[in-house]
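Q: Could you take me through one part of this fold up close, namely the sheets and what sits around them? I'd like one connected walk rather than a list.

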Amino acid sequence: MAPTQTQSSLPFMPTSAMEEQTIRSNFIRDEDERPKVAHDVFCDDIPIISLEGLDDEDGGAKREAICKSIVEACQEWGLFQVVDHGIDAQLISDMFRLCKDFFNLSPEEKYKFYMSAGKKGGFQISSHLQGQLVQDWREFFIYFSYPTENRDYTRWPEKPEGWISVVEEYSKKAMELACKLLGVLSEAMGVEREALTKACVNMDQKVLINCYPKCPQPDLTLGLRPHTDPGTITLLSQDQVGGLQATRDGETWITVKPIPNAFVVNLGDHGMFMSNGRFKNALHQAVVNSETSRMSIATFQNPAQDAIVYPLAVREGEKPMLDAPITFAEMYKRKMARDTEIQKFEKTANPMEKK
Ligand SMILES: O=C(O)CCC(=O)C(=O)O
């Protein structure tokens with residue numbers, strides 16, 4: 001269902017409200033949910049890993065050292081940054097330029113691609129999930145890029161010119177990089193290098209471009225609420241503004257330092273289950289600011305809907321996290337039900353705090 005229409009017959013878009021003095025009440029979060037750390041107070045705690053030498057097949061010390069760093073980061077944070085990853089800087093820069101051009105199009109142009117239920121990709125405001133009480137200060141565009149038979153090119157805009165071929169190339173390179181990283185994690189679990197990729201069956205990929213317009217009251221809202229990704233692994237490319245935040249305990253947030261052309265890699269729920277909880281699913285959010293708009297490109301690598309979710313390896317002394325194998329579709333359904341329950345509980349547990 002499309003959001004409520006305003007006077008101009010289009011829904012409210014944060015990109016059209018950058019010069020307003022205040023934000024609308026449906027973007028204002030409860031005090032305990034508001035940002036605690038600014039978008040540009042960066043923290044160096046997240047590991048930065050060079051992948052140069054990862055492809056060395058001579059059993060060399062270089063590959064071993066890289067794999068060790070990745071595994072440690074996944075155990076500690078479920079999140080790390082990679083550089084020297086082999087994806088061309090020009091491709092990343094073209095992608096950002098074209099994404100920016102898209103969000104600069106008129107509201108009418110963007111709205112032509114509005115993603116209503118059942119559509120395979122398109123433009124959205126705040127969230128594609130229904131029933132969110134508070135809105136996120138963002139617009140986004142999502143491409144259903146893999147498996148390729150899922151591509152509905154009528155949902156791939158012709159404007160800006162050239163975007164289609166750049167997205168195709170970007171998604172292909174991201175798929176290759178993700179599979180490489182999954183190879184490292186599979187081997188760390190003591191299973192064959194292709195195990196995680198194979199467990200995804202026909203791996204699904206979605207490329208989601210986030211645009212967080214500058215915001216008149218960034219302290220009251222979020223660009224994107226705290227969440228873990230449902231899938232296996234996510235590769236996030238961000239501009240140099242800053243705004244991605246991560247937490248290990250759900251309380252203390254840190255802002256991830258943007259590094260030119262790096263990818264922030266994070267594990268999702270599927271990655272966590274398949275490792276029997278050895279690798280973390282990173283809880284993260286995005287904050288906004290009043291000076292400048294921000295853009296990020298999240299590439300989600302997910303299993304097929306009917307892929308089986310169950311730990312690939314259970315270490316001695318551990319119990320499997322799941323009682324029985326389930327499909328990814330079922331895992332996702334349970335996640336959504338849990339998230340909705342948590343939201344409901346929070347609202348009823350603190351009725352006085354909700355204005
Ligand atoms: O924009 C960011 O830094 C985070 C994006 C993200 O977490 C998402 O799109 O799921």
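A: Start with the open sheet of five strands, which in this predicted model has the order β1-β10-β9-β12-β7 and mixed pairing. Its edges are β1, residues 42-43, and β7, residues 224-227, and each of these pairs on one side only. As a reminder, strands of a sheet pair through backbone hydrogen bonds, and the partners can run parallel or antiparallel.

Zoom in on the β1 edge. The partner there is β10, residues 253-256; β1 and β10 run parallel, and two bridges join them. If you want a spot to put your cursor on, try F42, which stands opposite T255 in β10.

Stay around there for the cavity. Searching the whole structure turns up one cavity of 30 Å³ or more, and the volume of this largest cavity is about 30 Å³. Which residues line the largest cavity? They are C43, D44, I46, I48, Q81, V256 and K257. With β1 spanning 42-43, C43 in the lining belongs to that edge strand, and V256 in the lining belongs to β10, which covers 253-256. By character, the lining splits into four nonpolar residues, one polar and two charged.

The lining also leads you over to the other sheet. I48 is a lining residue, and β2 is the stretch 48-50; Q81 lines the cavity too, and β3 covers 79-83. Those two strands open the order of an open sheet of eight, β2-β3-β11-β8-β13-β6-β5-β4, again with mixed pairing. Here the edge strands are β2 and, on the other side, β4 (122-125), each pairing on one side only. Going from one strand to the next, the twist averages 25 degrees.

Further along that order, have a look at β5 and β6. Strand β5 takes in 139-146, while β6 takes in 204-212; the two run antiparallel, with seven bridges joining them. A handy register mark is Y143, which stands opposite V207 in β6.

Now follow the chain out of β5. The peptide bond from Y146 to P147 is cis, with omega near -5 degrees, and P147 sits in the loop between β5 and α4. That loop has another one to check: K159 and P160 are joined by a cis peptide bond, with omega about -5 degrees, and P160 is likewise found in the loop between β5 and α4.

Go back to β3 for one more backbone oddity. D84, in the loop between β3 and α2, has a positive phi of about 55 degrees although it is not a glycine.

Both loops hand you on to helices, and those helices meet. Helix α2 (residues 89-103) packs with helix α4 (residues 163-188) at an angle of about 135 degrees, their axes 10 Å apart. That angle makes α2 oblique to α4, and the crossing of α2 past α4 is left-handed.

Methods: Residues numbered from 1 in each chain as written. Predicted model: local features only at pLDDT ≥ 70, side-chain atom pairs only at ≥ 80, totals over all residues. Heavy atoms only, no water. Pairing = 2+ DSSP bridges. Helix = DSSP H or I, 4+ residues; strand = E, 2+ residues; numbered from the N terminus. 1 Å grid on protein atoms, 1.4 Å probe; cavity = no way out; pocket = protein on both sides within 12 Å on 5 of 7 lines; lining within 4 Å. Points joined across faces, edges and corners; volume = space filled by probe spheres on them. Nonpolar A, V, L, I, M, F, W, Y, C, P; charged D, E, K, R; others polar. Axes fitted to C-alpha atoms, helices over the stretch in contact; angles between N-to-C directions. Parallel < 35°, antiparallel > 145°, perpendicular 65-115°, else oblique. Left-handed = near helix turned anticlockwise from the far one by under 90°.
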